[in-house]
Amino acid sequence: MVNRHRGEIAAKLDGRDWVLCLTLGALAELESAFDAEDVSALTQRFSTGKLAAADMIRIIGAGLRGAGHTLENDEVKEMQAEGDAVGFARIVADLLSATFGSGDTQ
């Protein structure tokens, strides 16, 4: 069971249920991957809504690792999501919303 108050989300990848969470370590990983100066710069980048497929792989990979899974991005890029690309975009949007807040506490 996920805890949205801790920033956790549930996602189905490759037909399996996963928990994802952008912990402080995962956010630091994303700062480095996106060459962002700080979390504020990272948030600003994500708020543009312009994310490449490679960006989504990095975000989902960091979220999986933040939740304790040992998958690398090369493994994430081979996974399937329900709804294909739209499904991946939903996972990323849900994860960013749970992490940075949207007022939604589902």
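A helix here is a DSSP run of H or I at least four residues long, numbered from the N terminus along with the strands. With that in hand: Asp-55 and Arg-58 both sit in helix H3, three residues apart, which is about one turn of the helix. Before I go on, please keep in mind that this is a predicted model.

I'll stay with that pair for a moment. Asp-55 and Arg-58 form a salt bridge, and their closest N and O atoms are 3.4 Å apart. Is Asp-55 buried or exposed? Its relative accessibility is 7%, and the cut-off for buried is under 20%, so Asp-55 counts as buried. Arg-58, with a relative accessible area of 30%, is partly exposed. The pair also has company: Arg-45 is linked with Asp-55 and Arg-58 in a network of salt bridges.

As for the background, side chains of opposite charge can pair when their charged atoms come close. How many salt bridges does a search of the whole structure find? The search finds seven. I'll show two others.

One of them joins the side chains of Glu-8 and Arg-6, at 2.7 Å from N to O. The two ends differ in their surroundings. Glu-8 has 11% relative accessibility and counts as buried, whereas Arg-6 has 55% and counts as exposed.

The other is between Asp-17 and Lys-12, where the closest N and O atoms are 3.2 Å apart. Here it is the acidic residue that is exposed: Asp-17 has a relative accessible area of 57%. Lys-12 is partly exposed, at 30%.

Now back to helix H3, this time for its packing. H3 covers residues 53–66, and it packs with helix H5, residues 84–100. Their axes are 10 Å apart and the angle is about 55°. Why call that oblique? Roughly parallel stops under 35 degrees and roughly perpendicular starts at 65, so an angle of about 55° places H3 and H5 oblique to each other. The crossing of the two helices is left-handed.

Which residues make the contact? From H3 they are Met-56, Ile-59, Ile-60 and Gly-63. From H5 they are Phe-88, Ala-89, Ile-91, Val-92, Leu-95 and Leu-96. Sorted by class, that contact has nine nonpolar residues, one polar and no charged ones.

To put H3 together: Asp-55 and Arg-58 of this helix are joined by a salt bridge, and Met-56, Ile-59, Ile-60 and Gly-63 are its residues in the contact with H5. That's what I have.

Methods:
Residues are numbered from 1 along each chain as its sequence is written. This is a predicted model: local features need pLDDT of at least 70, side-chain atom pairs count only at pLDDT 80 or more; totals for chains, interfaces and linings use all residues. Side-chain values use heavy atoms; hydrogens and water are left out. Axes are lines fitted to C-alpha atoms, for helices over the stretch in contact, and angles run from 0 to 180 degrees between N-to-C directions. A crossing is left-handed if the near helix is turned anticlockwise from the far one by less than a right angle, and right-handed if clockwise. Contact means heavy atoms within 4.5 Å. Ala, Val, Leu, Ile, Met, Phe, Trp, Tyr, Cys and Pro count as nonpolar, Asp, Glu, Lys and Arg as charged, and the others, Gly among them, as polar. A salt bridge is a side-chain nitrogen of Lys or Arg within 4 Å of a carboxyl oxygen of Asp or Glu. Buried means under 20% relative accessible area, exposed over 50%, partly exposed in between (1.4 Å probe, protein chains only).
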